[in-house]
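User: I'd like to go through this model with you and check what stands behind each label. Can we start with the structure itself?

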Amino acid sequence: MRGLTLSTGDNGHFTLTGHLNRNTVPSFWLTALVDLAKQGAKANHQPVVLDLSAIEDVDTAGLAWLINLLKACRGQNIPLELQNIPETLINLAKISDVHSFLSVQ
């Protein structure tokens, strides 16, 4: 099984790398949320940027994880911005009629 990693960059920038799917999401959820919350607090409510350009594959579990992550961050007043959303994820969001949650047109 291939994994999923979250790399921390400067000024609230993160890069998600690997497979965002039903095999990786369950064990990844809490770690990612804690890291993003800490960074959001440090960034003084500047947007936390999550770069998705290094995602190799994604399924509906990955889409659900992202939607829940956005919801959790909003609940903690942490602005989260998704960048470089893979086309596969955009298509899943459109098919599932949840593209507005990801700010996808």
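User: Which strand does His 19 lie in?

Analyst: His 19 lies in strand E2. Strands here are DSSP runs of E with at least two residues, helices are runs of H or I with at least four, and both are numbered from the N terminus. Before we go on: this is a predicted model, where local features need pLDDT of at least 70, side-chain atom pairs count only at pLDDT 80 or more, and totals for chains, interfaces and linings use all residues. Residues are numbered from 1 along each chain as its sequence is written, and side-chain values use heavy atoms, with hydrogens and water left out.

User: Why is His 19 called buried?

Analyst: Buried means under 20% relative accessible area, exposed means over 50%, and partly exposed is in between, using a 1.4 Å probe and protein chains only. His 19 comes in at 8%, so it counts as buried.

User: What makes the link between His 19 and Glu 56 a polar contact?

Analyst: The term needs a pair of N or O atoms within 3.5 Å; within protein, one must be able to donate a hydrogen and the other to accept it, and residues adjacent in sequence count only if both atoms are side-chain atoms. The side chains of His 19 and Glu 56 are joined at 3.2 Å, so the label fits.

User: Which residues does His 19 touch?

Analyst: Leaving out residues up to four places away in sequence, His 19 touches Arg 2, Gly 3, Leu 4, Thr 24, Glu 56 and Asp 57. Contact here means heavy atoms within 4.5 Å.

User: And Gly 62: buried or exposed?

Analyst: Gly 62 has 0% relative accessibility, so it counts as buried. Its place is in helix H2 (residues 60-75). With the same sequence neighbours left out, up to four places away, Gly 62 touches Leu 20, Asn 21 and Val 25. Gly 62 and His 19 are 43 residues apart in sequence and 8.5 Å apart in space, C-alpha to C-alpha.

User: How do you know that E1 and E2 pair?

Analyst: Two strands pair if DSSP finds at least two bridges between them. Five bridges join E1 to E2 (residues 13-20), so they qualify, and they run antiparallel. One of the partnerships sets Thr 5 opposite Thr 17 in E2.

User: What about E2 and E3?

Analyst: Seven bridges join E2 to E3 (residues 48-58), and these two run parallel. His 13 stands opposite Val 49 in E3.

User: Why do E1 and E4 stand at the edges?

Analyst: The open sheet has four strands in the order E1-E2-E3-E4, with mixed pairing. E1 (4-8) and E4 (80-83) each have a single partner strand, so one side of each is left without a neighbour in the sheet.
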